[in-house]
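Visitor: Hey, could you walk me through this structure? I'll throw short questions at you as we go.

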Amino acid sequence: PRGIGAVLDYESGFAKLRGIVPGSPLEGTGAQAGDRIVEVRESDGTSHPLYGRDLQTTVNRIRGEPGTQMTLRVLRQNGATGQLEEHLISVTRGQLYLNEKLIPKPPS
């Protein structure tokens with residue numbers, strides 16, 4: 001697959017980052033489990049709002065040709081205040097080579 005290595009769930013209208021595939025483009029960008037994806041911005045300035053869209057639509061917007069850059073606009077809960085804060089995460093899509101044993105599993 002081609003993308004960034006995000007493992008996603010869907011909750012309350014948001015695609016939510018459940019985990020990051022080790023060694024993927026998303027690793028080391030500052031993205032965190034629990035981030036809610038609000039929008040994908042392409043390097044050409046095109047914006048794709050994602051709140052309320054289904055999970056497959058979000059996945060399709062995140063996937064793309066290796067080497068293309070995008071920015072995720074996410075909401076993250078502040079651990080101290082409980083408030084949601086906006087963060088921008090730049091990431092360059094890549095070719096993913098998945099090892100099923102390393103993909104974060106959903107909570108039991």
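Visitor: How do the contacts split by sequence distance?

Guide: Among contacts between residues at least 6 apart in sequence, 54% join residues at least 24 apart. Contact here means heavy atoms within 4.5 Å.

Visitor: And what kind of model is this?

Guide: This is a predicted model, where local features need pLDDT of at least 70, side-chain atom pairs count only at pLDDT 80 or more, and totals for chains, interfaces and linings use all residues. Residues are numbered from 1 along each chain as its sequence is written, and side-chain values use heavy atoms, with hydrogens and water left out.

Visitor: What's the mean pLDDT?

Guide: The mean is 90, and 90% of the residues reach 70 or more. pLDDT is the predictor's confidence in each residue, from 0 to 100. Among the elements, strand S1 (residues 2-3) has the lowest mean at 88, and S4 has the highest at 97.

Visitor: OK, how many helices and strands?

Guide: One helix and eight strands. From the N terminus on, the order is β-β-β-β-β-α-β-β-β. These are DSSP runs numbered from the N terminus: helices are H or I with at least four residues, strands are E with at least two.

Visitor: How much of the protein is buried?

Guide: Buried residues make up 36% of the 108 residues. The cut-offs are under 20% relative accessible area for buried, over 50% for exposed, and partly exposed in between (1.4 Å probe, protein chains only).

Visitor: Which residues have the most contacts inside the largest nonpolar core?

Guide: That core has 16 residues, and those with the most contacts inside it are Ile-4, Leu-8, Leu-26, Ile-37, Ile-62, Met-70 and Leu-72. Two or more residues each come from strand S3 (14-20), strand S4 (36-42), helix H1 (55-62), strand S6 (69-77) and strand S7 (84-92). S6 gives the most, with three residues. By nonpolar core I mean a set of buried Ala, Val, Leu, Ile, Met, Phe, Trp, Tyr and Cys residues joined through side-chain atoms within 4.5 Å.

Visitor: Pick Leu-8. What is it in contact with?

Guide: Leaving aside neighbours within four places in sequence, Leu-8 is in contact with Ala-15, Lys-16, Leu-17, Arg-18, Ile-37, Leu-55, Thr-58, Val-59 and Ile-62.

Visitor: How do S2 and S3 pair?

Guide: Strand S2 (residues 6-11) and S3 pair in the antiparallel sense over six bridges. Two strands count as paired if DSSP finds at least two bridges between them. For a landmark, Asp-9 has Lys-16 in S3 as its bridge partner.

Visitor: What's going on at the turn of that hairpin?

Guide: There are two residues between the strands, and Ser-12 takes a positive phi near 50 degrees there. Most residues other than glycine have a negative phi. Ser-12 counts as exposed, because its relative accessibility is 61%.

Visitor: Switching topic: how many aromatic pairs are there?

Guide: A search of the whole structure finds one. Phe-14 and Tyr-51 form a tilted pair, 4.7 Å centre to centre with 55 degrees between the planes. Phe-14 lies in strand S3 and Tyr-51 in the loop between strand S5 (47-49) and H1, so the pair ties together parts that are 37 residues apart in sequence. Rings of Phe, Tyr and Trp (its six-membered ring) pair if their centres lie within 6.5 Å; planes under 30 degrees apart are stacked, over 60 edge-to-face, and the rest tilted.

Visitor: Are those two residues buried or exposed?

Guide: Phe-14 counts as buried, at 14% relative accessibility, whereas Tyr-51 is exposed, with a relative accessible area of 51%.

Visitor: What about the loop between S3 and S4?

Guide: Gln-32 is found there, and so is Gly-34. Gln-32 is partly exposed at 39% relative accessibility. Not counting residues up to four places away in sequence, Gln-32 touches Leu-17 and Arg-76, and on the same basis Gly-34 touches Lys-16, Leu-17 and Leu-75.

Visitor: Last one: where is Glu-65, and what is it in contact with?

Guide: Glu-65 is found in the loop between H1 and S6. Beyond its neighbours within four places in sequence, Glu-65 is in contact with Arg-2 and Arg-93. The C-alpha atoms of Glu-65 and Pro-1 are separated by 9.9 Å, with their positions 64 residues apart along the chain. Glu-65 is partly exposed, at 47% relative accessible area.
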